[in-house]
Amino acid sequence: MTDELRDRYDVVVIGGGAAGLNGALVLARARRTVAVIDAGEPRNAPADGVHGLLGREGTPPRELLAKGREEVRGYGGHVVDGRVAKARKHNDGFTVALEDGREVAARRVLVTTGLTDRLPDLPGLAERWGTTVMHCPYCHGWEHRNQAIGVIATGPNAVHQATLFRQWTDDLVFFAHTAPELTADERERFAARGVRVVEGEIAAIEPDGARMKDGRLIEREAYAIATRMEARAGFLAGLGLEPAEHPSGAGQHVPADPMGRTSIDGVWAAGNVTDLMAQVGPAAAAGAQAGALINYDLIEEETAEALALHRLGA
C-alpha cells in the first residue's frame, strides 16, 4: 500500500527507517498531519535480524519496518514510497520535491534518511556484507561467537574494533592491511589477549579465507571492518545544510544538537543521518524525541499566533 501524497502537512519526515517511523508515530498521535517519504533502502537490509532491541530481538528488518508503517497509518499518518530530490525553505515553511516530480509543503521537516556504508575496494567483501562481513559486535557478534574472525584494519579505529570483537571469540586475527603501524603498546595488548597480527595487505576475500597479496591464505569464517559512514543528505543542499565530518573521524553526518535541531530553523534530524553509531533502538528513541519536540515547536508557534489575535480582540 502506498498512500496518496497530499499537498501540505504539518510535518514531512524524509526517511522511513526506525527513527523516521517512530518520529511520525509520535507526531500522528499528537494529532499532527504527517507524511513519511521513504526510498525503501534501509541500511540494515542485508541483515537477517534486528538485535539488541527489547521485545523485537531477531525481527527481520523489513518486517519491523512494515509493522511500523502499519502503526503510523493507524493514527492517520501517511507513508509514501518515493525519493526526495531537494528541499527549499520559504516564509511559511518548506517545499519538499520528489524525484518523480511531486511536491509537498510542510511546516516542519524531520530528516531521518540514515547513511551509506562505504566499503574498501576489496574483492569478495561487498557480497558478504551483512552476513559474514560486519562492523558492529553488538549487532552481529553473538551470531559469530566462537568463530574464526578477522578484523580488517583500514584505519586507526580498527584497534578498538579488534579489542571489542575479542569478547566474542578466542580465535581473532588482526589483519594489519592498510592501517597505520601498530604501536608497541597495541602489540603488547594484542599479545596479552591472544590476538594474532597478520602483516601485509589482503588481495581478496575468498570462500575459505583471506588471500594475502603474497599468496598466503588465512582461513577465517567471518570478518569485521570499519566502513566509512556517509549521511544520505545531498537533497539538503538547497537549504544550506550539508554533511560535515563526524568528530569520530568515521565519516560524514548532518550536525544536530542533542535534541535533533539542525542549524536550519524548522529542520530536525534523527537516527544515523546525524548519529553514525546509533543502533535501531537509539535511532528510534531519537526519532520519538524529535517528534515530540517538533510538536511542541508547532504548539509554541500556534500559541503565539492565537495570542496575537486575542490581543487584537479577534
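Start with the whole protein: of its 314 residues, 48% count as buried. You are looking at a predicted model. Show the cartoon. Six helices and 19 strands make up the secondary structure. Now show the C-alpha trace alone. Along its principal axes, the trace spans about 80 × 35 × 35 Å. Think about contacts next. Take those between residues at least 6 apart in sequence: 59% of them join residues at least 24 apart.

**Stop 1: two packed helices**

Select residues 18-29, which form helix α1, and residues 280-311, which form helix α6. Two packed helices are described by the angle between their axes and the distance between the axes. What are the angle and the axis distance for α1 and α6? The angle is about 35 degrees, and the axes are 7 Å apart. Turn the view until one helix lies in front of the other. The crossing of α1 and α6 is right-handed.

Now show side chains where the helices meet. On α1, pick Ala18, Ala19, Asn22, Gly23, Val26 and Leu27. On α6, the contact residues include Val280, Ala283, Ala284, Gly287, Ala288, Gly291 and Ile294. Colour the contact by residue class. Eleven of its residues are nonpolar, five are polar and none is charged.

**Stop 2: a pocket**

Keep α1 and α6 on screen. Add α2, residues 61-74. Each of these three helices supplies at least two residues to the lining of the second largest pocket. Which helix gives the largest share of that lining? It is α2, with six residues.

The second largest pocket holds about 260 Å³ of space. Its lining has 15 residues. Select Asn22, Leu64, Gly68, Glu71 and Ala284: these are the closest to the pocket's centre. Asn22 and Ala284 were also part of the contact between α1 and α6. Colour the lining by class too. You should find nine nonpolar, three polar and three charged residues.

**Stop 3: Thr59**

Move to the loop between β2 and α2, where Thr59 is found. Is Thr59 buried or exposed? Its relative accessible area is 12%, so Thr59 is buried, the cut-off being under 20%. Show its neighbours, leaving out residues up to four places away in sequence. Thr59 touches Gly49, Val50 and Leu64. You have met Leu64 already, in the lining of the second largest pocket.

**Stop 4: two residues with positive phi**

Go to the loop between α1 and β2 (34-38) and select Arg31. Its phi is near 65 degrees, a positive value in a residue other than glycine. Arg31 counts as exposed because its relative accessibility is 79%, and the cut-off is over 50%.

Next, select Asn146, in the loop between α3 (137-140) and β9 (149-152). Asn146 is not a glycine either, yet its phi is positive, about 65 degrees. At 65% relative accessibility, Asn146 counts as exposed.

**Stop 5: Pro120**

Finish in the loop between β7 (115-118) and β8 (133-134), where Pro120 is found. How is Pro120 classed by accessible area? Pro120 is partly exposed, with a relative accessible area of 26%. Leave out residues up to four places away in sequence and look at what Pro120 touches: Leu125, Thr154 and Ile225. Then draw a distance line from Pro120 to Ala191. These residues are 71 apart along the chain, and their C-alpha atoms are separated by 27 Å.

Conventions: Residues are numbered from 1 along each chain as its sequence is written. This is a predicted model: local features need pLDDT of at least 70, side-chain atom pairs count only at pLDDT 80 or more; totals for chains, interfaces and linings use all residues. Side-chain values use heavy atoms; hydrogens and water are left out. Axes are lines fitted to C-alpha atoms, for helices over the stretch in contact, and angles run from 0 to 180 degrees between N-to-C directions. Helices (H or I, at least four residues) and strands (E, at least two) are DSSP runs, numbered from the N terminus. A crossing is left-handed if the near helix is turned anticlockwise from the far one by less than a right angle, and right-handed if clockwise. Contact means heavy atoms within 4.5 Å. Ala, Val, Leu, Ile, Met, Phe, Trp, Tyr, Cys and Pro count as nonpolar, Asp, Glu, Lys and Arg as charged, and the others, Gly among them, as polar. On a 1 Å grid over the protein atoms alone, a cavity is a set of points where a 1.4 Å probe fits but cannot get out, and a pocket is an open set with protein on both sides within 12 Å along at least five of seven lines; lining residues have an atom within 4 Å of a point. Grid points are joined across faces, edges and corners, and a volume is the space filled by probe spheres set on the points. Buried means under 20% relative accessible area, exposed over 50%, partly exposed in between (1.4 Å probe, protein chains only).
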